[in-house]
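Me: I have a new model open and I'd like to go through it slowly with you. Can we put it on screen and start with the side chains?

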Amino acid sequence: MTRRQFEELVSDALDTIPPELTAAMDNVVVLVADRHDTDPRLLGLYEGVALTERTSQYGGVLPDRITIYQDAILDICDDEDDVVHEVAVTVVHEVAHHFGIDDEALQELGWG
């Protein structure tokens, strides 16, 4: 799968998030990379200050980053349908971290 095709899947996954939630997303960028440098099996990563942790002192900072790791996802998928599903789950999982939802809660909700 090409990078462009994969990026389209990430975009499609973002489009499935309800508009009222995407409108609430603030100062965050979604990127695609091959693999995480120190954990090559990591599928996605949120780096930043979750919306629930931002205070009135928050400002003038670089955007939070959500990175989706293409090669790691492709490694665990058998076919294109698996890739579509895994990208969707990973995107929702990382966006949830932007909203302050932790891994334990995501597991309980079925997005772990």
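Me: Is E47 buried or exposed, or somewhere in between?
Reply: E47 is partly exposed, because its relative accessible area is 32%, and with a 1.4 Å probe and protein chains only, buried means under 20%, exposed over 50%, and partly exposed in between.

Me: Before I go on, where do these values come from?
Reply: This is a predicted model, in which local features need a pLDDT of at least 70 and side-chain atom pairs count only at 80 or more, while totals for chains, interfaces and linings use all residues. Residues are numbered from 1 along each chain as its sequence is written, and side-chain values use heavy atoms, with hydrogens and water left out.

Me: OK, back to E47: which side chain does it meet in a salt bridge?
Reply: The side chain of E47 meets that of R65, with 2.9 Å from N to O (a salt bridge needs a side-chain nitrogen of Lys or Arg within 4 Å of a carboxyl oxygen of Asp or Glu). This pair links distant parts of the chain, since E47 sits in strand β2 and R65 in strand β3 (residues 64-69), 18 residues apart. Helices and strands here are DSSP runs numbered from the N terminus, H or I with at least four residues for a helix and E with at least two for a strand.

Me: And how exposed is R65?
Reply: R65 has a relative accessibility of 38%, so R65 counts as partly exposed.

Me: How many salt bridges does the structure hold?
Reply: The structure holds six salt bridges. One of them joins D75 and R35, whose closest N and O atoms are 2.6 Å apart. D75 lies in helix α3, whereas R35 lies in the loop between β1 and β2, so this pair ties together parts that are 40 residues apart in sequence.

Me: Where do D75 and R35 stand on exposure?
Reply: D75 counts as exposed because its relative accessibility is 52%, while R35, with a relative accessible area of 32%, is partly exposed.

Me: What about R54, which residue is its partner?
Reply: The side chain of R54 meets that of D64 in a salt bridge, at 2.7 Å from N to O. The two come from distant parts of the chain, with R54 in the loop between β2 and β3 and D64 in strand β3, ten residues apart. Both R54 and D64 are buried. Salt bridges that share partners also join D26 to R54 and D64, giving one network.

Me: Changing topic, what is the phi of N27?
Reply: The phi of N27 is near 55 degrees, which is a positive value in a residue other than glycine. Most residues other than glycine have a negative phi. N27 has its place in the loop between α2 (19-24) and β1, and because its relative accessibility is 27%, N27 counts as partly exposed.

Me: Where is D34, and how far is it from V95?
Reply: D34 is found in the loop between β1 (28-33) and β2 (44-47), and at 42% relative accessibility D34 counts as partly exposed. D34 and V95 are 61 residues apart in sequence, and their C-alpha atoms are 19 Å apart in space.

Me: Last one, where does L74 lie?
Reply: L74 lies in helix α3 (residues 70-76), and L74 counts as partly exposed because its relative accessibility is 25%. From C-alpha to C-alpha, L74 and H85 are 11 Å apart, with their positions eleven residues apart in sequence counted as the separation.
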